[in-house]
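Each label attached to a structure ought to be traceable to a value and a cut-off. How do the labels used here hold up when they are set against their definitions?

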Amino acid sequence: MGAFVRIELDNLEGGKGGFGHVYQPDDLNPVDERIKLTEPATVSGRVKVAGHQVLVNGHVETRAQVECDRCLQPVDLPVSADFALEYITGSDYESSQAAELTEDELSVAVFDGEGIDVDEIVKEQILLAAPTRMLCREDCKGICPECGIDRNTGECSCVADDTDPRWAALKNLS
Ligand SMILES: [Zn+2]
Ligand SMILES: [Zn+2]
């Protein structure tokens, strides 16, 4: 599938320009295996060529659903993110590495020298907005490993075996 929005540097007048797009949720879904958009995603921004670098900044606005880490129920995640990115070509990246710049000085993305894929930027911003550990609530009880019931909404008769096998082994020793 081709990109919905790609900024071709050749098409920029005077090396700069603006862009904007509204993605329907299905255009980007699934963002990854646990994140899905529930509302259209709006992106707008500006791009500027500065020497060997391309500077892209803008804003992404949307709403997504993320699976709870413990019970897998969808959790609502509003996304409102500003971004400011720097791109250089692969060959420039290599020559700047040869100049022994540290990684910190080089917080840039590499691109093909011809165009910037805005779809990728939008997906990236949505991923960054989602916490690595998403919980529907602090004390989510999760899913019973025995029968699969959601312990927040129901109880099962499985014997709660909280014994850590390592402790069990110690008990047997004494
Ligand atoms: Zn949960
Ligand atoms: Zn159970």
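The questions and answers below concern a predicted model, and they take up its metal sites, its aromatic pairs and the burial of its residues.

Q: What makes Cys68, Cys71, Cys136 and Cys140 the protein donors of the zinc ion (ligand 1)?
A: A sulfur atom counts as a donor if it lies within 2.8 Å of the metal. The SG atoms of Cys68, Cys71, Cys136 and Cys140 lie 2.2 to 2.4 Å from the zinc ion (ligand 1), so they meet that cut-off. In sequence these donor residues are spaced C-x2-C-x64-C-x3-C.

Q: Why is the site of the zinc ion (ligand 1) called tetrahedral?
A: Four donors count as tetrahedral if all angles lie between 85 and 135 degrees. The angles among the four donor atoms of the zinc ion (ligand 1) are 104 to 114 degrees, and therefore the label applies.

Q: How do you know that Cys68 and Cys136 tie together parts that are apart in sequence?
A: Cys68 lies in the loop between strand S5 (53–67) and strand S6 (74–89), while Cys136 lies in the loop between helix H3 (118–129) and helix H4 (165–173), so the pair ties together parts that are 68 residues apart in sequence.

Q: Why is Cys68 called buried, and why is Cys136 called partly exposed?
A: Buried means under 20% relative accessible area, exposed over 50%, and partly exposed in between. Cys68 has a relative accessible area of 1% and is therefore buried, whereas Cys136, with 33%, is partly exposed.

Q: Why is the site of the zinc ion (ligand 2) called tetrahedral?
A: Its protein donors are the SG atoms of Cys144, Cys147, Cys156 and Cys158, which lie 2.3 to 2.4 Å from the ion. The angles among these four donor atoms are 107 to 111 degrees, and since the definition asks that all angles lie between 85 and 135 degrees, the site qualifies. The spacing of its donor residues in sequence is C-x2-C-x8-C-x1-C.

Q: What makes Cys147 and Cys158 partly exposed?
A: The relative accessibility of Cys147 is 43% and that of Cys158 is 27%, so each value falls between the cut-offs of 20% and 50%.

Q: Why do Phe4 and Tyr23 count as an aromatic pair, and why is the pair edge-to-face?
A: A search of the whole structure finds two aromatic pairs. In the pair of Phe4 and Tyr23 the distance is 6.0 Å centre to centre, with 85 degrees between the planes. Rings pair if their centres lie within 6.5 Å, and planes over 60 degrees apart count as edge-to-face, so both conditions are met. Phe4 lies in the segment before strand S1 (6–8) and Tyr23 in strand S2 (residues 16–23), so the pair ties together parts that are 19 residues apart in sequence. Phe4 is partly exposed at 36% relative accessible area, whereas Tyr23 is buried at 0%.

Q: What makes the pair of Tyr87 and Phe111 edge-to-face?
A: The ring centres of Tyr87 and Phe111 are 6.0 Å apart and their planes stand at 75 degrees, so the pair is edge-to-face. Tyr87 lies in strand S6 and Phe111 in strand S7 (residues 109–111), and both residues are buried.

Q: Why is Thr89 called buried?
A: The relative accessible area of Thr89 is 18%, and the cut-off for buried is under 20%, so the label holds. Thr89 has its place in strand S6, and leaving aside neighbours within four places in sequence, Thr89 is in contact with Val110, Phe111 and Gly113.

How values were computed:
Residues are numbered from 1 along each chain as its sequence is written. Chains are lettered from A and ligands numbered from 1 in the order in which they are written. This is a predicted model: local features need pLDDT of at least 70, side-chain atom pairs count only at pLDDT 80 or more; totals for chains, interfaces and linings use all residues. Side-chain values use heavy atoms; hydrogens and water are left out. Donors are N, O and S atoms within 2.8 Å of the metal (3.2 Å for Na, K and Ca); water is not among the atoms, so sites may look incomplete. Four donors count as tetrahedral if all angles lie between 85 and 135 degrees; four count as square planar and six as octahedral if opposite donors are over 155 degrees apart and all others between 65 and 115; anything else is irregular. Helices (H or I, at least four residues) and strands (E, at least two) are DSSP runs, numbered from the N terminus. Buried means under 20% relative accessible area, exposed over 50%, partly exposed in between (1.4 Å probe, protein chains only). Contact means heavy atoms within 4.5 Å. Rings of Phe, Tyr and Trp (its six-membered ring) pair if their centres lie within 6.5 Å; planes under 30 degrees apart count as stacked, over 60 as edge-to-face and the rest as tilted.
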